Amino acid sequence: MKLIKNYLSMHLKVSLEYKSSFILSCISQAIYMLVELFTIYALFLKFKLLNTFDINEMLLGFSTIWLGYSLAELFARGFDHFDKLIVRGDFDLLLIRPRSIFIQIFGSDICYEKFGRTLCALLIYIYSASKVITNLTLLKISLLITMVIGCFILIISLFIIGASFCFVTVQGIEAINIITNGTKQVAEYPLSIYKKPVRMFFTFVIPIVLINYYPISYLTDKTGNILYVFMPLVTIISFIISEYIFHIGMKKYCSTGS
Amino acid sequence: MSFITVRNLSKTFKVVKRDSGLKNAFKSLIKRKTTEIKAVNDISFDINEGEIVAYIGPNGAGKSTTIKMLTGILRPDSGEIIVDGFNPFNNRIKYVKNIGVVFGQKSQLWWDIPVEESFLLLKDIYKVSDEDYELRKEELVKLLNLKDILKTPVRQLSLGQRMRAEIAASLIHDPKILFLDEPTIGLDAISKVEVRKFIKEINKRKKVTIILTSHDMTDIEALTDRIIVIGHGKKLYDGRLQDIKKKFNKNKKVEILFKKISNIPDIKYTKIIEKKKNKILLDVNMEKNTISKVIRE
């Protein structure tokens, strides 16, 4: 635990070393998200095809994903950019330390520049949640928290699976980006606009809709099914699977350079 | 049993082969020719505690691969490594507590922040207690002359200063074994001498076993008696540096230019290979004779 704290402060020191660059990228990252939000918003107003969802529900779904995704990018960039670690040969240096490889990869890169985006997403999240939820219960509050954590864990799992491929391919492959980025993009829109096979895929293979679409219908009292509250916990299974895949990949590792 | 035991160690890599040119690059997308390269082929040696051993060989001979297997980074295909009772790959976490590694081409220091911060992180990684840390830091600062650079960001250090800091970083947890993979690469003559001095000092003071690789023969001469030579993954020589010198430096060819050749005396242990108008080429046995002696005659 102390080590994680130490890693966090080290990276903060590095980020603060380049002050203006840090602030600028913080802002630009946030703007990037807002532009995407604007596109969806404009679409939403133009076509009323998302008639089962109102604008605030859409905002809530959107911000859940972005909040979880930004947090994952902030803390798990080591996995997101794992190919760099391998190509530069820095992964060797992690292997000669008497600590868990997982913690060290988390510690290898923490991207505080994503903080602007995270904060922005958090504000939208709180705002839309307050609009959507009429009667706030303790269960709903805890669901609001587990939704974000669930999304965070799921995205990290995808990063880890992507990283596992680097052991074989060395270079990161763009195909992995389709999965991580694509999943995020799909989940930005309400599930009801998609055809059934797509829905099934994102429920059972990459269970991203379990952390925003279904729980939101509980938050808005469209369903009283208590099962929906525990859906975000499914992502823990994804994490365990991804960890397993990573360890298989590590056995294939054969270092680069001298 | 010796401190480090390596028996019949082998490691094979698959290497993709393709001819140059864009056309062949596309071709290799579809069908790849791979060849197996035996990076390390059936190597065995023993190293005792407190020894300094130089591991030498040309580029691509398998030096780094051996070091990577000894440090637990790579898994050997076959063979056995036992270091201080541990199998480096299988007991990685327990094993690496006792080793320090410096890769001359990779930095373990944090580029953007002062050296001391990196030391503090390593202190936490290795769970070194505060008292031990202070004690060792003091010692290393004195030994490696780090006082002025401790508060400087790594990016502003010279290569020689950085290498000193790297060596210090690898010693913070007081390892029993130190691996140095080309520690003097890219350093100027003075820094090289300094780094060598530190390495010797560390070995003497702390009884650290040191295994180093280098291309610089003067490095090796200054640091150690024992060398292990490998080439194409095979062990070629293991023994004292002087012995190998004797073995291969027995005869020297000497070319002598004369203004005018008079009669050439018959010199002991010397053979005339070639004789031209004003030049003779001699083969001199260095064990029994010296060049100056030959010239005098």
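pLDDT is the predictor's confidence in each residue, on a scale from 0 to 100. The model here is predicted, so read that score before anything else.

**Exercise 1. Confidence**

Find which element of chain A has the lowest mean pLDDT and which has the highest. Then set the chain averages beside them.

Solution.
- Step 1. Start with the elements. Helix α10 (residues 174-188) of chain A has the lowest mean pLDDT, 83. Helix α8 (residues 115-132) of chain A has the highest, 93.
- Step 2. Take chain A as a whole. Its average pLDDT is 87, and 95% of the residues score at least 70.
- Step 3. Turn to chain B. Its mean pLDDT is 84, with 90% of its residues at 70 or more.
- Step 4. Add the scores for the model: ipTM is 0.81 and pTM is 0.84.
- Caution: where pLDDT is low, the predicted coordinates should not be read in detail.

**Exercise 2. Make-up and overall form**

State how many helices and strands each chain has. Then test the radius of gyration of each chain against the globule rule.

Solution.
- Step 1. Chain A has 14 helices and 0 strands. From the N terminus on, its elements therefore read as an unbroken run of α.
- Step 2. For the 258 residues of chain A, the globule rule gives 18 Å. The radius of gyration of chain A is 19 Å, close to that value, so chain A is as compact as a globular protein of that length.
- Step 3. The C-alpha atoms of chain A fill a box of roughly 60 × 40 × 35 Å along the principal axes.
- Step 4. Chain B has 10 helices and 12 strands.
- Step 5. A compact globule of 297 residues would have a radius of gyration near 19 Å, but chain B has 25 Å. The C-alpha trace of chain B spans about 80 × 60 × 45 Å along its principal axes.
- Step 6. Look at the domains of chain B. The assignment gives domain 1 (4-247) and domain 2 (251-296). Their C-alpha centres lie 45 Å apart.

**Exercise 3. Checking a helix**

Work out what helix α5 (residues 130-144) of chain B should span at 1.5 Å a residue, and compare the distance between its end C-alpha atoms.

Solution.
- Step 1. The helix has 15 residues. The expected span is 1.5 Å times one less than the number of residues, which gives 21 Å.
- Step 2. The end C-alpha atoms are 21 Å apart, so the two values agree.
- Step 3. Look just past the helix. N145(B) takes a positive phi of about 60°.

**Exercise 4. Strands around β8(B)**

Trace the pairing of strand β8 (residues 226-231) of chain B with β3(B) and with β9(B).

Solution.
- Step 1. Strand β3 (residues 52-56) of chain B pairs with β8(B) in the parallel sense, over 4 bridges. Here Y55(B) stands opposite I228(B).
- Step 2. Strand β9 (residues 234-240) of chain B runs antiparallel to β8(B), joined by 6 bridges. V229(B) stands opposite Y237(B) in β9(B).
- Step 3. β8(B) and β9(B) form a hairpin with 2 residues between them. In the turn, H232(B) has a positive phi of about 50°.

**Exercise 5. The interface**

Describe the side of chain B that touches chain A: which elements supply it, and what kinds of residue it holds.

Solution.
- Step 1. Count the contacts. 24 residues of chain B are in contact with 20 residues of chain A.
- Step 2. Name the elements. α2 (63-70), α3 (92-96), β5 (99-103) and α4 (115-125) of chain B each supply at least two residues.
- Step 3. Pick out the largest share: α4(B), with 4 residues.
- Step 4. Sort by kind. This side of chain B has 12 nonpolar, 5 polar and 7 charged residues.

How values were computed: Residues numbered from 1 in each chain as written. Chains lettered and ligands numbered in written order. Predicted model: local features only at pLDDT ≥ 70, side-chain atom pairs only at ≥ 80, totals over all residues. Domains from an automatic or database assignment. Contact = placed C-beta atoms within 7 Å. Nonpolar A, V, L, I, M, F, W, Y, C, P; charged D, E, K, R; others polar. Pairing = 2+ DSSP bridges. Rg over C-alpha atoms; globule rule 2.2 N^0.38 Å.
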